[in-house]
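Colleague: I am new to this structure and would like to go through it with you. Could you show it to me?

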Amino acid sequence: TDEFRPEIEYSGLLTNLVKRGIDTQIAPLKRLSWFNIAKGLFSVDIYRNTCKPDKLFKFYYDIIDSKVREMHEQSNGNDKIVLVCHSAGGWLARGMMSDGNWIGSNTPVEDMIAGIITLGAPHIPPPDKNEDMTRGAWTYVNENYPGCYLNNRISYVTVMGTAVRGDQNAPKQSFEGFAYDAYKKLRGEILTENDIIGDGLVPVSSGHLEGSLQINIPGVYHGVIAPNNCWYGGDHIIDLWLEPALESFT
């Protein structure tokens, strides 16, 4: 179909959380929704690399906001939500929490949100702003709400797989060759061990936030389609981050 179906793409993660007694819901994003980004072509910000996330990704924020409020209301306001965010969803969620008020409201984030768990999220944008594929939105979040910006109000857990060590001499189509190029694009330069190892798409140095509970898991890849289901939502993987994450919320 022409739809991105997160309830299908992430069905394994959803199933594995639910069977562990975690009340879990997935925000209903559709593939066609991403075409809303094209509206930014009519803004000078996109040509100046000065886009802001609440403008460029408004459609995304509206969908997440609706789901969070729905879940909060279902509990009559008694339960707080933990945002579990894969890949770019991690830094986008940080933008939604911005300076401490939930997006588009005067509601303090901690009134609805207990914390955030990010899985393979590229939190740190490339040092060269011209390499920011979001035309500034990604960089804006990192510069204005760096690290665990609301650490005294909510909990942050960042999870990174370390399945692939990049190798600039490996064939480009290999895991190692592809990973090296992906890591270098994010980091600009490969300077440390954490720049060269990661989940095959995001290096460890980009996937953690200063001040977060940082969890590295050997053998874990970035995407849903991973060898032997060795990605963040795999049934044999999930407890390696879920258990310490839940402990951090108590």
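Colleague: Which residue follows α5, and what is the sign of its phi?

Modeller: Asn 76 follows α5, and its phi is positive, near 60 degrees. Helices (H or I, at least four residues) and strands (E, at least two) are DSSP runs, numbered from the N terminus. Please note that this is a predicted model, in which local features need pLDDT of at least 70 and side-chain atom pairs count only at pLDDT 80 or more, while totals for chains, interfaces and linings use all residues. Residues are numbered from 1 along each chain as its sequence is written, and side-chain values use heavy atoms, with hydrogens and water left out.

Colleague: How many helices and strands does the chain have?

Modeller: The chain has 11 helices and six strands.

Colleague: Back to α5, then. Which of its residues are buried?

Modeller: Among them are Phe 59, Tyr 60, Ile 63, Val 68 and Met 71. Buried means under 20% relative accessible area, exposed over 50%, and partly exposed in between (1.4 Å probe, protein chains only).

Colleague: What do the buried residues of α5 pack against?

Modeller: They pack against α4 (53–56), β1 (81–86), α6 (89–97) and β2 (113–119). Contact here means heavy atoms within 4.5 Å.

Colleague: How many residues are in the largest nonpolar core?

Modeller: That core has 64 residues, and Leu 83, Trp 102 and Trp 241 are among those with the most contacts inside it. Its largest share, seven residues, comes from α5. A nonpolar core is a set of buried Ala, Val, Leu, Ile, Met, Phe, Trp, Tyr and Cys residues joined through side-chain atoms within 4.5 Å.

Colleague: What does Trp 241 touch?

Modeller: Not counting residues up to four places away in sequence, Trp 241 touches nine-membered company that includes Leu 13, Val 84, Ile 117 and Tyr 232.

Colleague: A change of topic: how many aromatic pairs are there?

Modeller: The count comes to eight. Rings of Phe, Tyr and Trp (its six-membered ring) pair if their centres lie within 6.5 Å; planes under 30 degrees apart count as stacked, over 60 as edge-to-face and the rest as tilted. Phe 57 and Phe 59 form a tilted pair, 6.5 Å centre to centre with 40 degrees between the planes.

Colleague: And why is the pair of Trp 91 and Trp 138 stacked?

Modeller: Their ring centres are 6.1 Å apart and their planes lie at 20 degrees, so the pair is stacked. Trp 91 lies in helix α6 and Trp 138 in helix α7, so the pair ties together parts that are 47 residues apart in sequence.
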